[in-house]
Amino acid sequence: MSVASMSMWCRASCRASSLSLLVGGSTGPLLGGIHNNALVRTLSSSSASAAATPAAAAAVAPEEPPPVEVFVNGESVQVPKGVSVMQACDAAGVDVPRFCYHQRLSIAGNCRMCLVEVTKSPKPVASCAMPIMPGMQIHTETPLVKKAREGVMEFLLANHPLDCPICDQGGECDLQDMSMAYGSDRGRFVEEKRAVEDKNLGPLVKTVMTRCIHCTRCVRFATEVAGVHDLGVTGRGGSAEIGTYLEKALTSEMSGNVIDLCPVGALTSKPYAFTARSWELRPTESVDATDGIGASIRVDARGHEVMRIVPRLNESVNEEWIGDRGRFSYDGLRRQRLDAPYVRGEKGAPLRKATWKDALEAAAHGLRSTPSTKLMAVAGKLADAESICALKDLMAMYDGQNLQVEGVTPSSDAADVRSSYVFNSTLERIEEADAILLVGTDLRKEAPLLNSRLRRSAVYDCVPVASVGPDVDLTYPKKDLGDSAKAIDDLLSGASAFRAVLDGASKPAIIVGAHVLSRPDAYGVLSKCVQLANDVGCVSGDWNGYNVLHECAGRVAALDLGFVPGPKADVATAPGFVYLMNADDEATLASIPEDAFVVYQGHHGDAGAARANVVLPGAAYTEKGATYVNTEGRVQRTKRAVPPPGSAREDWEVVRALSEVAGLALPYDDVDGLRVRMAEVSPTFASVDSVQQSTIWLNGSTYAASKGSSKASTAPFTSSISNYFQADVIGRSSKTMARCVETRGEMYAKTHDVGSTLGELGEPSAHPLGD
Amino acid sequence: MASRTLPLFSCVAHNTFRSHMRLFGSGGGNGLSAVSGAVSGGVVGVVGAAGAVGSSHLLLDRGLAVRPFTSGKKSASASSTFVQSTSFASLPLSRSTSSRDHVASFSTNSHDHSNLHQPDQPDNSPDVHWDFTEANYDKVAEIVARYPSNYKAAAVIPLLDIAQQQNDGWLSVSAMNRVAAILGMADMRVYEVATFYTMFNRSKVGKYHLMVCGTTPCMLRGSRDVYAEISNHLGGVEFGDSTPDGLFTLSEMECMGCCVNAPMIAVADYTNGTEGYTYNYYEDLQPGDAVRIIDSIKDKGISSVKIGSQTRGTCEPKDMQTSLTSTPPGPFCRPLIKKEAEQKA
């Protein structure tokens, strides 16, 4: 807790005011007295990232703020100036109970659980909201503190129902835990408890509002992090309640996080309700593969079933949030699964269940009997790096050079320079950007977690954001420059006013959406973007603000492994044999001629399997230890939480088996051998969980040699995702996601119109609450 | 609300609720801090939430709380879509008016029945068009101009007040949405303010809103008799109810700051929109005064009644002055004009 809270503090202070000193790279020495090593680590890492540009560091941190010495239970602690008493206690390793305080949210100070005694203060003070003073003597273990906290706990429990045995929060409930320390074994409250009407917040969040202790974490999360002003406190005093006033579902793509934030059982997961108790679950620390962010997750399973997915703390990727698709689409892992191989006897015949032997032989026959010029393989959005590498090697054995990545216009240019297809600035450092241009992306749908970071920049740091692309509500103010390549031309020529903003920025960033990669004129648009990045100085020193945002987990790995058409490939040739690795996109399938022999490998019976002649069942991301590379190029590994269903196998094993059946066995027998091979192909795979900085930047000439590079059509830019909840086969198979789509449809139809007389009174600011 | 769970609080006896609210000292003033929270904090209602933890406990009637929820009837009236309980006769209500079969309220004022918007009200849905009149837009612009443009939200309370006056004494959802749009606030932030303050009505009221002060000094000086008198005179309406002719709504208010002239009632006049709006206090009520006031309002309009104390000029002692009988001995105010001249020099 302390680590996170400290790092958040750094952010909060630097955003709030002149206290930005602390992030400037000079916090190291003042931490000498802090006992908590983790804290030192966090602070120095944040300082390292900020200090990496010497000029910027010098500008931000002209001098060191002196550390402040306070005493927690008599022990001296050196803490940065301006932190709260609670953070000083955290730094000293002293635990302070809390409900309303959360390190990533504003301070509310309304639960009063964190009361501590401060010498010379006549009353106990709420440590979360009290700033430290030099020489402050803080006591957390005195009888006064204990009695005060017991009093608070008694009031909290007065109206809290005694339904822990049927509460989904039971076993992982802050109130339950703290009542063990501060609760009484009996209450003095003999009157009737109050009861509050439950709210319908949509298909994801279940409410039992009588349990609510009004910490307002959910309200603050929705307002500050998610950027949707849906939740609030209505009424006051004994009749205060949390809700939306008008009944409506939460409109955020990261609404599920309020479930984790709720310290009691008032907000729980609707799909998970009453399905398991927390202590029955087998946790597996893994990585989310449902989008390009690659959030750190914990997969909680019971037996062979994934019961829920929750986020893990990972400051550099997802902080502690995950999107709703990553959290709730797990029920799609149980439906529509391919649990056995299938073979289609002849054209038009239905797929029939087959043995692995028959299926592999059928696939091998198709592979062997097709001339190499007509071989084609497609790496889909959910494909893992191991299977892509194995498939690439397999295709190489048969000299099949037509390798394509789903969602990328086939061209060898796609994977030439790593810095041209990854999110170079990294997700964490995008917050350093001081001007941001979005090209062809709807961040809210493609990467809600990144959108929340950008919201923080745009709203709290007033970073100007402009968008060339769909006109959508990103929850923060942004300037719409148009939706076609002409807007980029205007930026290049200086005709657009935003060009001056980008020019004036010291760390400008351009975020190119995956939609651009899939356009027929992809390389024309991309070369313009790269040119613009170069012209406005997106790349200087250690800052590379040219970012490509991928909306799926499989693409960066495929590009890293060079899964692009080879030099002899002619993508115009109609393929006779197509190997679809987790590829289900309409566009992909539409490009396959009718008489082609299609092998589909994947885990869901979706569009790809329906088209296939041979279906080879693979494992979903929760069922294999596989490598995924997120949009910033971070190599991450999932772990097997549950086994694949039926006779499905891990994907690379399927390719390996096929290679053997086909007659030319791949030269690795285990996953370690394969990973060595991956590291040979691309060194980035050698180090897991880190981002290998792409050093090569061709000064804007990345696509100079590309065919038709100067041409860009006038087709409007859209988002690569039109339906957030059903963007992949897992989401499409999920009932929960289907319910979300249903709710959202109604919701969007209901948004009311803002009248026309606004002009007289001036435009309303988008964020009136000072945020 | 598609999946509304059974609201236990629909059995809350209204009177019990009010009396306990008073007992625990909640529901009173404390306006200023809340306003600042509402306007600047982004987390409106924190003050209220803190109060919920520490200050008051709403009491469900013991007998009712365990009664299984049986009735599926929903009142179609605009004032309440809550389920009407079949029998409240056995309720041990603290007042003589225990015949009340109205179900109760979980909201802060005694007129509205919930802190939540009740669905299925044709005239109170976000789809209804609502806007300020031209004349009121002048006022709105004048009020908004008082605040810096990035703190426009500070005008939310005065704007809601104007909206309520214009809208016959109550705030519809679309009126609140309109205020939100004008001030560039999120709708929810406006709902929070409107539900927090007892003087904002979120369901229809009569043309005259009679508010009986029920806080301790008034209660000691006979506010319950005033209530009983009015209630009987208006044909048995209770707190939160309106007369069938739509002329009067009776509500209970917390302290309105006239303790020295207790007991008192306040009457809001919504007969003539914003222009004719008045909000008058009638203090030092003797038996019969309340009825007389109501009758003269009925007959001749509100202007025919003496405003303020019914027995005194203002709030001087009843019989004779016992203090401040001589010229105050000083020290007197600083001679500010002289001071200012000194500073200038």
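The exercises below concern a predicted model.

**Exercise 1.** Find which residues have the most contacts inside the largest nonpolar core, and which helix gives the largest share of this core.

Solution. The largest nonpolar core has 120 residues, and A:Ile138 and A:Leu450 have the most contacts inside it. Helix H7 (residues 217–226) of chain A contributes the largest share, 6 residues. A second, separate core of 84 residues includes A:Ala359, A:Ala383, A:Ala557 and A:Val654. Next, take the contacts of A:Leu450: not counting residues up to four places away in sequence, A:Leu450 touches A:Ile293, A:Phe423, A:Leu427, A:Ile430, A:Leu443, A:Ile511 and A:Leu549.

**Exercise 2.** Determine which parts of the chain are linked by the salt bridge of A:Arg308 with A:Glu172, and whether each partner is buried or partly exposed.

Solution. The closest N and O atoms of the two residues are 2.8 Å apart. A:Arg308 is in strand E12 (residues 305–311), while A:Glu172 is in the loop between helix H5 (143–158) and helix H6 (174–182), 136 residues apart. Buried means under 20% relative accessible area. A:Arg308 has 10%, so A:Arg308 is buried. A:Glu172 has 30% and is partly exposed.

**Exercise 3.** Place the salt bridge of A:Arg456 with A:Glu431 in the chain, then in its network.

Solution. The closest N and O atoms are 2.7 Å apart. A:Arg456 is in helix H13 (residues 448–460), and A:Glu431 is in the loop between strand E16 (402–405) and strand E17 (435–439), 25 residues apart. Both A:Arg456 and A:Glu431 are buried. A network of salt bridges links these two with A:Arg104, A:Glu315, A:Glu319, A:Glu320 and A:Arg453.

Key:
Residues are numbered from 1 along each chain as its sequence is written. Chains are lettered from A and ligands numbered from 1 in the order in which they are written. This is a predicted model: local features need pLDDT of at least 70, side-chain atom pairs count only at pLDDT 80 or more; totals for chains, interfaces and linings use all residues. Side-chain values use heavy atoms; hydrogens and water are left out. A nonpolar core is a set of buried Ala, Val, Leu, Ile, Met, Phe, Trp, Tyr and Cys residues joined through side-chain atoms within 4.5 Å. Buried means under 20% relative accessible area, exposed over 50%, partly exposed in between (1.4 Å probe, protein chains only). Helices (H or I, at least four residues) and strands (E, at least two) are DSSP runs, numbered from the N terminus. Contact means heavy atoms within 4.5 Å. A salt bridge is a side-chain nitrogen of Lys or Arg within 4 Å of a carboxyl oxygen of Asp or Glu.
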